[in-house]
Amino acid sequence: MKAKIITTIPTFNNEAFIEQTLASVARQTLRPDRVIVLDDASTDRTGEIVRSFKGVACEFIRNSTDPGLFQNFNRCLDFADQTEYLQILHADDALAPEFYEVMTGWLADCDGRGLAWSLDERIDENNRHLSDSGRPDGKVEVLDRDGFLKRKAELGNQAFCATLLKTAGQPAPCRFPLDFPILGDTIFWAAYGAHCRKLVHVRRPLAQYRWHGGNQTMVLAPALQPLILDEWRTMETNEALRGRGWTLYRKTKLKGLFAVRSGIKAKRVRQNGDPVYSREIVRTARGITGWPLWLAGRVLVELRDFYLFTMLRRTRHSKNIYG
């Protein structure tokens, strides 16, 4: 008998947060049938914490070696044909109590594969609010395939913790790519969405995404390939899935977005005391966008920062070079 919901939790040395993650699963108004923790050979107390957790029954599967983050995500996908709904929940994130109830409700009438994601609240290592990933107006958008892929090419936010896959008891039609160590999820969401009959965005913060010094994106940030070059490659890959070809307007828009995103990273790296790497980011990104779009992006970055951090007084995590 297939499960209705399987929650998979890939982890590596997450003793600081995994108990909070499991507690958020235990508080669900609609609980998953199985909670499976896939551990990448942790050397801390992660296994001990999972095995002793009483709020929900957990299956603990420990890899003998650490195969890597996205390899472990692909192991999570091995459970797709054993359930109606599958989630990959990071071991440092958390869910609002109604997450599964709300998200399965919006996918219930889908007669095949589907995908739903909500807004996420960004929090720090001390559970302090940083921001929301969008305007929490409570609206629900049902997107067509092209509209969804368009957003993925524009790198629209979609957090693991805020995403639920409807597998309909079928194997996953795609896997996480191993050559995109930061943006492999964005490639995967687009590829999976291309096979879906229903795509839903719930504009409520039903999950919490945690920023801290151990985030995978922070570990890999000092390398230009995953930080900058792979971002443009992701945009190109997801745009190609639309099958519409490149128009001048579309390429200009994507390069403009890329200029803004790269400009933010360059500024944050400089603010964190590494002007040399900041200049490398600028040179690399400008080689893709050209001077006019790069300069326009720099202006937008400064206007954006003034609005968010001066006028709205939003808190910025010092380790977050992405926003």
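Q: Which residue in β10 is the bridge partner of A94?
A: That's Q208. Helices and strands here are DSSP runs numbered from the N terminus, with H or I over at least four residues for a helix and E over at least two for a strand.

Q: What kind of model is this, and how are the residues numbered?
A: It's a predicted model, where local features need pLDDT of at least 70 and side-chain atom pairs count only at pLDDT 80 or more, while totals for chains, interfaces and linings use all residues. Residues are numbered from 1 along each chain as its sequence is written, and side-chain values use heavy atoms, with hydrogens and water left out.

Q: Back to β10. How many bridges join β5 to β10, and are they parallel or antiparallel?
A: Two bridges, and β5 (residues 94–95) runs antiparallel to β10. For two strands to count as paired, DSSP has to find at least two bridges between them.

Q: And how do β6 and β10 pair?
A: In the parallel sense, over ten bridges. A116 stands opposite V200 in β10.

Q: What about β8 and β10?
A: β8 (residues 140–143) pairs with β10 in the antiparallel sense, over four bridges. E141 has H201 as its bridge partner in β10.

Q: How many residues of β10 are buried?
A: Ten of the 13, so β10 is largely enclosed by the rest of the structure. Buried means under 20% relative accessible area, exposed is over 50%, and partly exposed is in between (1.4 Å probe, protein chains only).

Q: Which strand makes a hairpin with β6?
A: β7 does, with five residues between the two strands. β6 (residues 114–123) and β7 (residues 129–132) pair in the antiparallel sense over three bridges, and I123 has H129 as its bridge partner in β7. In the turn, N127 has a positive phi of about 65°.

Q: Which residue does R128 form a salt bridge with?
A: D124, with the closest N and O atoms 2.7 Å apart. A salt bridge here is a side-chain nitrogen of Lys or Arg within 4 Å of a carboxyl oxygen of Asp or Glu. D124 counts as buried, at 4% relative accessibility.

Q: How many salt bridges turn up in the whole structure?
A: A search finds 24.

Q: What does E154 pair with?
A: E154 and R250 meet through their side chains in a salt bridge, 2.6 Å from N to O. E154 lies in the loop between α5 (145–153) and β9 (163–166) and R250 in helix α9, so the pair ties together parts that are 96 residues apart in sequence. R250 counts as buried, at 5% relative accessibility.

Q: Where does E239 come in?
A: E239 also forms a salt bridge with R250, the closest N and O atoms being 3.0 Å apart. E239 sits in helix α8 (residues 224–241) and R250 in helix α9, eleven residues apart. At 3% relative accessibility, E239 counts as buried.

Q: Which residues end up in one network?
A: D146, E154, E239, R242, R244, R250 and K253, joined by salt bridges that share partners.

Q: Staying with α9, is S262 buried or exposed?
A: Buried, with a relative accessible area of 0%. S262 is in α9 (residues 248–271). Leaving out residues up to four places away in sequence, S262 touches I228, I281, A285 and W294, where contact means heavy atoms within 4.5 Å.

Q: New topic: how do α5 and α6 pack?
A: At an angle of about 170°, with axes 10 Å apart. That makes α5 roughly antiparallel to α6. Axes are lines fitted to C-alpha atoms, for helices over the stretch in contact, and angles run from 0 to 180 degrees between N-to-C directions. Under 35 degrees is roughly parallel, over 145 roughly antiparallel, 65 to 115 roughly perpendicular and the rest oblique.

Q: Which residues meet there?
A: F148, L149 and K152 in α5 meet T186, W189, A190 and G193 in α6.

Q: How many residues of α6 (residues 184–193) are buried?
A: Ten of its ten, so to say mostly covered. Its cover includes α3 (69–77), β6, α5, β9, β10 and α8.

Q: What about the largest nonpolar core?
A: It has 36 residues, and L22 and M103 have the most contacts inside it. A nonpolar core is a set of buried Ala, Val, Leu, Ile, Met, Phe, Trp, Tyr and Cys residues joined through side-chain atoms within 4.5 Å. A second, separate core of 28 residues includes I6, F70, F148 and L149.
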